[in-house]
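Got your viewer open? Let's take a walk through this protein, one selection at a time.

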Amino acid sequence: MGESHCSVAVGEQAMEYNDYIERMRVKQYPMLASTTYLDHAGTTPYSKMLMDKFHTDMMGSLFGNPHSASQSSQQSTQMIDDTRLQLLRLFQADPEEFDVVFIANATAAIKLVMDALRDQDGGFWYGYHVDSHTSLVGVREVANEHRCFESDQVVERWIGDGCEGAVKKAGLFAYPAQSNMNGRRLPLRWSSQMRDTAGPPIYTMLDAAALTSTSPLDLSDSDAAPDFTTLSLYKIFGFPDLGALIVRKEAAHVFAKRAYFGGGTVDMVVCLKETWHAKKTGSLHERLEDGTLPVHSILALRAAMDTHAELYGTLDRVSRHTAMLAERLYEGLRKLKHANESAVAQIYKHETSDYSKGSTQGPIVAFNLRDSHGHWVSNIEVEKLASIKGIQLRVGGLCNPGGIASALHLEPWEMRDNFSAGQRCGGEHDILNGKPTGMIRASLGAMSTLGDVEKLLSFIDEFFVDQAPSKPHLRVSAVGSVAPRADWHIEALTVYPIKSCGGWQIPSDTDWDIRPEGLAWDREWCIVHQGTGVALSQKRYPRMALIRPHLDFKTGKLIISQSGNATEISVPLSLDPSYFDSADLRSHTTQVCGDTVKTRMYTSPAIADFFTDALGVPCTLARFPSPTSTDPSTRHSKPQLSKQSSTFGPSPLLLPNESPILAITRPSLNALNTFLKLHFLPAAPAAQFRANIILAQSSPAGSETPWAEDTWQGLAVASDKGVEGASLDVLGGCRRCGMVCVDQTTGIRAEAGEPFVSLAKMRRIGGRVLFGVHCALRGSAGSVRVGQAVEPVNGRESK
């Protein structure tokens with residue numbers, strides 16, 4: 001686009017600083033050269049200066065285990081003490097009033113406080129704000145009583161009523177300084193207000209991980225400060241992976257009854273005949289930092305604070321810069337309109353937030369997209385396309401269950417129903433019962449620029465803004481307009497014996513069985529990671545396309561080769577135990593597209609070496625054989641497809657992602673390639689869509705009907721020359737992802753993201769990028785052959 005997407009005024013000084021960041025990050029953040037990184041609330045990148053300084057420090061001195069009197073040990077102790085003080089000063093915390101405990105991350109800091117309160121006589125009461133991160137919510141599971149405060153107003157009234165309802169025992173109230181979901185900033189005054197109330201003490205814990213990633217936190221007034229402040233330091237500096245707990249010393253007695261002790265936090269332990277120990281009685285951090293401290297991570301923290309100050313000055317300066325960027329992004333999204341003037345973005349801004357006021361709003365914008373008809377756009381599809389275009393976002397529930405439920409108006413029964421329908425963290429069920437289940441989050445950081453904001457806005461403008469009034473989608477018109485019986489026929493049949501590897505084309509003169517779980521021999525095997533047991537996919541390992549399985553029925557073997565490699569391996573097709581040594585296979589639990597299945601993993605070192613060498617990752621072959629009466633399939637087609645099946649319930653699956661059979665049509669592929677040609681892009685071969693069945697028309701030139709499959713309800717494959725034929729249910733359209741960008745002959749992913757990018761422009765239906773249809777056998781058996789006539793059954797709605 002040739003113009004900016006928003007008109008928010010930017011001062012000369014702010015522009016100068018933005019220009020400085022643009023120049024500086026070319027050298028300091030080379031990993032950002034080809035990407036637009038907008039997930040700083042997750043973690044922020046680390047600078048080259050930081051890594052260079054850390055390397056110099058590591059090579060220039062010897063740092064030993066601090067639990068010793070040696071010179072290297074004392075050097076570590078001195079460095080840790082200095083770094084601890086430097087971190088306190090970063091937040092203006094007086095070391096006379098505060099101590100800091102080094103720990104893995106903010107979640108570990110929360111657990112440290114939780115453990116201490118759990119060990120109190122009588123347990124503890126717990127209150128938390130609805131906008132809390134999941135890690136804060138989880139504390140409720142060990143509290144004697146707990147309460148979720150659904151708004152700021154409810155908290156204010158509760159404090160005004162003297163914290164009524166908190167029982168006469170230790171109490172803890174926790175809340176985020178900044179929501180990690182939408183960036184709204186919560187009042188920091190609550191800590192001092194609660195401290196002024198009468199009655200049993202209620203300690204306060206502030207989750208400052210999101211706030212401090214781009215903004216200062218002032219703890220100079222210890223009377224107004226939280227008792228416990230949790231930090232994730234990698235969110236500020238990118239490196240090291242380290243957290244911290246800042247404790248107000250007046251609340252340190254909470255840890256006195258902490259039961260656990262470890263190396264470094266105890267002075268004497270008796271084990272034989274008696275059980276007795278004497279804990280350390282020095283500083284708080286000495287009593288809480290169990291085991292050997294991560295010396296080198298703390299050394300890296302010292303380097304991180306020094307380099308951050310050198311590159312950015314103060315956190316206040318970072319805060320002003322990121323606030324300006326967030327306001328630009330917010331205003332740009334707010335002003336995006338479809339041709340019919342309907343809003344493109346639904347932005348989840350809290351009523352008290354103002355993007356022009358840093359005290360109320362941080363540099364995060366949470367939103368969902370709608371099409372020109374007001375329908376929700378799948379945020380999974382947005383993420384897929386954004387990733388291909390080099391834009392890194394976060395989508396989903398964002399580890400903020402209360403905030404998500406409030407913003408999306410999801411009642412508890414709806415969330416339970418969504419879970420029953422298959423929604424999981426990281427899953428693809430992003431729109432259920434007409435509501436989104438999560439949202440898109442763009443978060444900005446110290447090294448973000450106006451260019452990053454503009455790239456995101458341009459991306460949304462290009463792919464998700466309807467620039468002209470919507471036109472009806474090309475489709476066959478009605479059930480009564482079925483094409484002539486001989487109009488459609490099977491052009492090609494392909495099976496993929498090993499999931500995500502090359503296809504094996506079924507000879508045109510061969511009858512091929514179809515079973516409820518798909519075409520015979522399709523996706524019975526998979527390649528699994530030897531460490532995690534997860535089935536590998538071309539999405540992450542595109543070179544899997546170069547692994548070529550061949551079904552050799554004369555020898556009864558699956559012969560496996562790799563393009564460009566003369567080595568071959570083979571495994572028996574049969575599962576008859578007489579073909580195997582008892583040690584050849586062993587039962588193994590494998591993760592396939594979120595499902596846990598029992599596979600049989602090959603134990604041969606030669607097989608493992610073949611696949612490990614081919615892909616550069618420790619892996620081997622496993623089999624998930626076709627079901628039998630004694631060993632039925634444990635996978636089924638995905639719920640969103642099963643519901644569309646006209647007659648039967650979920651179809652059994654072997655190792656495909658979603659359904660037993662995938663079909664595409666030649667006219668639709670031709671239509672896509674025509675679009676690509678008009679835009680001077682190379683044609684997409686059918687192999688890139690990895691279909692089992694390719695259907696073609698015998699129509700005269702110019703009379704093809706692309707996208708006819710959008711309204712098919714079923715397919716009747718005619719019996720012919722002794723071939724039985726089959727009846728198939730069409731379950732729904734196939735949601736596409738970046739895997740179609742992998743060239744199946746070279747194993748190389750197209751840098752331009754084609755043909756997925758073009759599909760996203762021409763084939764987004766119901767917010768999803770569709771190409772081809774999922775199918776399942778109706779009945780218990782059938783057979784097909786290349787050339788057979790196919791009669792579509794119309795009736796499914798094209799959305």
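What follows is a list of stops, each with something to select and something to look for. Keep in mind that this is a predicted model.

**Stop 1: a covered strand**

Select residues 98-103, which make up strand β2. How many of its 6 residues are buried? The count is 6 of 6, so β2 is mostly covered. Now look at where the side chains go: Phe98, Val100 and Phe102 point one way, while Asp99, Val101 and Ile103 point the other way. Both sets are buried.

Next, add β8, residues 243-248. β2 and β8 pair in the antiparallel sense, with 6 bridges between them. Click on Val101 and look across to β8: Leu245 stands opposite.

**Stop 2: a salt bridge at the end of β8**

Stay with β8 and pick Arg248, then add Asp227. Their side chains meet in a salt bridge, 3.3 Å from N to O. This pair links distant parts of the chain: Asp227 sits in the loop between β6 and β7, Arg248 belongs to strand β8, and 21 residues separate them. Are these two buried or exposed? Asp227 has a relative accessible area of 4%, so it counts as buried. Arg248 is buried as well, at 5%. Now bring in Arg195 and Glu250: together with Asp227 and Arg248 they form one network, joined by salt bridges that share partners.

**Stop 3: two more salt bridges**

Side chains of opposite charge can pair when their charged atoms come close. The model has 30 salt bridges by count, so here are two more to try.

Select helix α4, residues 106-118. Inside it, Arg118 forms a salt bridge with Asp115, and their closest N and O atoms are 2.8 Å apart. Why do they sit about one helical turn from each other? Because they are 3 residues apart in α4. Arg118 is partly exposed, with 41% relative accessible area, and Asp115 is partly exposed too, at 24%.

Then jump to Arg140 and Glu141, whose side chains meet in a salt bridge of 2.9 Å, N to O. Glu141 counts as exposed at 59% relative accessibility, whereas Arg140 is partly exposed at 29%.

**Stop 4: a negative patch**

Switch on the surface and color these residues: Asp94, Glu96, Glu97, Asp196, Asp218, Asp221 and Asp223. What do they form? A negative surface patch. Zoom in on Asp221, which lies in the loop between β6 (202-207) and β7 (228-232). With a relative accessibility of 44%, Asp221 counts as partly exposed.

**Stop 5: a buried leucine**

Hide the surface and select strand β5, residues 170-176, where you'll find Leu172. Its relative accessibility is 0%, so Leu172 counts as buried. Now show Tyr128 as well. Leu172 and Tyr128 are 44 residues apart in sequence, and their C-alpha atoms are 8.3 Å apart in space.

**Stop 6: three strands in a row**

Finally, select β26 (residues 585-592) and β27 (residues 595-602). These two strands pair in the antiparallel sense over 8 bridges. Add β28, residues 619-623, which runs antiparallel to β27 and is joined to β27 by 2 bridges.

Which residue of β28 is the bridge partner of Met601? Click on Ala622, because that is the one. On the β26 side, Met601 in β27 has Arg586 standing opposite.

Methods
Residues are numbered from 1 along each chain as its sequence is written. This is a predicted model: local features need pLDDT of at least 70, side-chain atom pairs count only at pLDDT 80 or more; totals for chains, interfaces and linings use all residues. Side-chain values use heavy atoms; hydrogens and water are left out. Patches are made of residues with over 30% relative accessible area and no salt bridge: like charges are joined within 9 Å, nonpolar side chains (Val, Leu, Ile, Met, Phe, Trp, Tyr) within 5 Å. Accessible areas come from the Shrake-Rupley method with a 1.4 Å probe; for residues, only the protein chains shown count as cover. A salt bridge is a side-chain nitrogen of Lys or Arg within 4 Å of a carboxyl oxygen of Asp or Glu. Lys and Arg count as positive and Asp and Glu as negative; His and the chain ends are not counted. The place of a charge is taken as NZ of Lys, CZ of Arg, CG of Asp or CD of Glu. Helices (H or I, at least four residues) and strands (E, at least two) are DSSP runs, numbered from the N terminus. Buried means under 20% relative accessible area, exposed over 50%, partly exposed in between (1.4 Å probe, protein chains only). Two strands pair if DSSP finds at least two bridges between them.
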